[in-house]
Amino acid sequence: MSVLEVRDLRVTYRTQGGGIPAVRGVSFDVDTGQVLGLAGESGCGKSTIAGAVLRLLPASTKIEGEVLLEGENVLEMKPGRLRAVRWTGASIVFQGAMHALNPVKRIGDQIAEAITVHQQAGEKEARVRVGSLLEQVGLPTRRMQDYPHELSGGQKQRVMIAMALACSPSLVIADEPTTALDVMVQAQVLRLMKELQSELGLSMIFITHDLSVLVETSDRLAIMYAGKIIEEGPAETVFRSPQHPYTEALSAAFPEIGDQRFRGAPMGLGGDPPDPADVPSGCSFHPRCPKAFEDCSVTEPQLYPAGEGRRAACLLVPAAKTTTGVGT
Amino acid sequence: MSRAEVTAPPPPANERETVIEVRDLRVTFQGRVGLIEGLRGKKGTQSRAVDGVSFRLRRGEVVALAGESGCGKTTTARAIMGLQPVDGGEILFEGDPLPRDLKPYRRKVQMVFQDPTGTLNPRQTIYEIIAEGLRIHGIDRGPNGEPEEQLVAKALSRAGLRPPDRFFLRYPHELSGGQRQRVVIAGALVLEPEVIVADEPVSNLDASVRGEILQLMMKLREDLGLTIIIVTHDLGLAWTVADRVAIMYLGRIVEIGPAEDVLLRPEHPYTKALLDVVPEAGGLERPILTGEPPDPTRIPEGCRFHPRCPVVESGRAAELGIEARCRTEDLALREMEPAHEAACYEAFLRRDGAAPD
């Protein structure tokens with residue numbers, strides 16, 4: 001059973017210079033109780049997907065396709081329905097916890113607000129719930145009297161997580177939730193999220209550029225490049241034995257300590273991630289791909305089956321040959 | 001430097017010539033107080049950002065300074081650059097203390113900062129940015145009489161921006177993040193330095209681009225014999241590029257040694273804790289230190305790590321009869337294996353079966 005089904009999602013930002021296609025046809029499911037890791041570099045469209053699911057993007061943005069949250073298309077919801085669904089149906093933990101909290105309101109009131117606005121719970125009920133939420137994220141109840149500046153970065157991120165859980169949503173989206181945090185605090189927050197996820201059976205989308213974090217937290221991985229998913233499958237196998245050359249390069253950017261292949265030999269890709277306004281023809285990765293051959297600049301690969309529960313958008317995947325007739 | 005032994009193989013790293021020596025370096029930041037409290041004579045709290053750091057940098061090696069934020073790694077790097085007033089200790093360059101006039105020293109020791117976008121003047125062309133260093137140092141010809149343009153071109157192409165003249169008239173905003181970081185590196189290279197101090201040189205770059213910049217740094221070490229200090233929070237990065245790793249905690253080096261030793265056979269519990277939180281599959285099952293990053297305004301007595309130390313917390317220190325020392329007696333680095341030093345009473349015990357005097 002899927003909490004979220006995204007079908008052929010296309011998002012185009014409108015700018016003075018014309019439309020910029022940030023997401024170019026993405027489909028995926030998030031199953032109940034599962035964590036989907038969405039990885040990619042800046043500009044690949046991963047945060048845009050989060051914005052599209054909750055419809056948090058600028059009004060001028062063109063969004064096509066279907067985003068079915070528990071069977072209901074978010075993209076067709078009326079404003080009233082949308083407001084009801086945000087926070088109760090799906091909630092989000094943003095990357096800059098430091099800036100997402102209101103500096104002049106006590107954190108308890110901020111969490112309570114999310115509850116009273118969305119669930120018509122009374123003040124008192126909300127208070128009790130705030131207390132138990134704070135405990136759940138490992139903060140003492142008395143901290144609800146604190147203002148954001150009295151908390152450290154890690155504590156603020158815990159408050160953000162408490163807020164995201166406030167209305168018991170069916171889906172939680174975490175967009176780079178630990179990027180701004182120190183290594184030790186990052187590990188604490190990741191462990192907390194993992195514990196909450198398995199305790200509450202949360203369905204989650206976890207977005208980050210750090211593939212090593214995703215392997216630790218996700219059941220499935222989807223790797224994005226230039227607005228498309230280019231590889232997906234079980235987290236561990238995608239990371240350990242990537243099928244797409246881009247995934248391979250990305251996972252090499254997070255070398256395991258002790259792995260002699262990387263000792264004294266950092267691995268990287270030439271070139272830079274493409275400009276979303278000017279995506280290369282054929283396979284969008286071909287100008288940087290160490291394995292590219294002629295057809296790559298012409299034929300745009302689709303996601304082909306690539307092993308158990310896996311798909312990859314590369315012409316080198318054996319299944320690609322039968323589909324496209326392209327020889328390697 | 002003598003060139004007599006060009007044909008002889010390079011001596012092993014631990015016998016090579018010392019380029020920079022840091023001795024008992026101390027940097028204190030004075031906290032501020034409000035006007036009224038200031039008038040009442042109240043002083044702000046002192047923050048001992050660097051609190052007795054000593055190490056030697058040998059010619060041609062890459063040393064990583066690693067630790068959590070607030071451990072003093074960046075302040076140490078800045079002090080080495082002469083960008084940070086020092087409250088105690090000494091920095092020796094090729095055996096001599098830093099002179100009052102740092103200009104000639106800065107020519108030989110160049111810094112690469114974390115954020116290439118913030119480092120580059122947006123209104124200067126790439127050519128102007130690179131040539132500025134030469135002009136500041138009054139260099140209008142290279143050692144073989146090359147004109148400025150040729151020196152700039154050489155620096156750009158060494159940094160991998162080829163063909164260099166294609167970049168001369170461009171502005172930083174026209175370049176990608178990776179290219180901008182290359183410009184910053186070219187700006188450092190144009191003065192033909194001996195040492196590069198790089199503060200988190202890739203942390204602002206996209207993951208797939210990082211490898212290229214690190215490859216470039218490795219190549220420069222290889223081709224030009226550069227000595228490199230890399231400040232980083234990323235131990236995976238240290239594993240890929242560093243010959244030696246120094247782990248810092250609350251203003252001190254608590255462990256230092258060859259990267260293989262420190263990262264694969266760590267002696268200090270803090271190093272172990274840092275290694276335990278490097279994300280990888282299954283890593284969340286391992287212990288994580290509790291508490292927030294330590295506070296340099298309140299450095300604990302004894303071993304500065306003891307309030308978070310799993311050896312103390314688990315009661316193992318008490319069992320071994322070292323707990324009192326952990327809590328009260330400050331300690332210095334001691335050699336565990338050749339060239340591998342750590343500052344931990346438990347490690348000392350393991351080393352020689354008895355607590356040292």
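Which residue in β2(A) does Leu9(A) stand opposite? The legends below start with that pair and then move through other parts of this predicted model.

**Figure 1. The hairpin of β1(A) and β2(A).** Leu9(A) stands opposite Val26(A) in β2(A). Follow the chain from one strand into the other, and you will find two residues between them. Strand β1 covers residues 2-15 of chain A and strand β2 covers residues 18-31, and the two pair in the antiparallel sense over 11 bridges. As a reminder, strands of a sheet pair through backbone hydrogen bonds, either parallel or antiparallel.

**Figure 2. An open sheet of eight strands in chain A.** Walk across the sheet and you meet the strands in the order β6-β7-β8-β3-β9-β10-β12-β11, with mixed pairing. Why is one side of β6 (90-93) and of β11 (304-305) in chain A left without a neighbour in the sheet? These strands stand at the edges and each has a single partner strand, so one side stays free of a neighbour there. Elsewhere in the sheet, strand β3 (residues 35-39) of chain A runs parallel to strand β9 (residues 220-225) of chain A, and four bridges join them. To pick out one pairing, look for Leu36(A), whose bridge partner in β9(A) is Arg220(A).

**Figure 3. Two domains of chain A and the place where they touch.** The domain assignment gives domain 1 as 2-79 + 172-263 + 272-281 and domain 2 as 98-166 of chain A. Their C-alpha centres lie 26 Å apart. Where they meet, 10 residues of domain 1 of chain A are in contact with 11 residues of domain 2 of chain A. On the domain 1 side, helix α7 (residues 183-200) of chain A gives the most, with six residues. That side of domain 1 has nine nonpolar residues, one polar residue and no charged ones.

**Figure 4. Helix α10(A), mostly covered.** How many of the eight residues of α10(A) are buried? Seven of them are, namely Pro245(A), Tyr246(A), Thr247(A), Ala249(A), Leu250(A), Ser251(A) and Ala252(A). Within chain A, these buried residues pack against β3, α8 (211-217), β9, β10 (228-234) and α9 (235-240). They also pack against α8 of chain B.

**Figure 5. Asp275(A) in its loop.** Asp275(A) is found in the loop between α10 (245-252) and β11 of chain A. Is Asp275(A) buried or exposed? Asp275(A) is exposed, because it has 12 other C-beta atoms within 10 Å. Pro255(A) is 20 residues away from Asp275(A) along the chain, and their C-alpha atoms are separated by 27 Å.

**Figure 6. Where chain B touches chain A.** Here 35 residues of chain B are in contact with 40 residues of chain A. On the chain B side, the elements giving two or more residues are α8 (207-224), α9 (235-241), α10 (259-264) and α11 (269-276). The most come from α8(B), with nine residues. By class, this side of chain B has 19 nonpolar, 10 polar and six charged residues.

**Figure 7. Confidence in the model, and the start of chain B.** The model scores ipTM 0.84 and pTM 0.88. Chain B averages a pLDDT of 88, and 92% of the residues score at least 70. Now look at residues 1-8 of chain B, where pLDDT stays under 50 and the model has zero contacts beyond four places in sequence. Where pLDDT is low, the predicted coordinates should not be read in detail.

Note on methods: Residues are numbered from 1 along each chain as its sequence is written. Chains are lettered from A and ligands numbered from 1 in the order in which they are written. This is a predicted model: local features need pLDDT of at least 70, side-chain atom pairs count only at pLDDT 80 or more; totals for chains, interfaces and linings use all residues. Two strands pair if DSSP finds at least two bridges between them. Domain bounds come from an automatic or database domain assignment. Two residues are in contact if their C-beta atoms, placed from the backbone, lie within 7 Å. Ala, Val, Leu, Ile, Met, Phe, Trp, Tyr, Cys and Pro count as nonpolar, Asp, Glu, Lys and Arg as charged, and the others, Gly among them, as polar. A residue is buried if 20 or more other C-beta atoms lie within 10 Å of its own, exposed if 12 or fewer, and partly exposed in between; C-beta atoms are placed from the backbone. pLDDT is the predictor's confidence in each residue, from 0 to 100.
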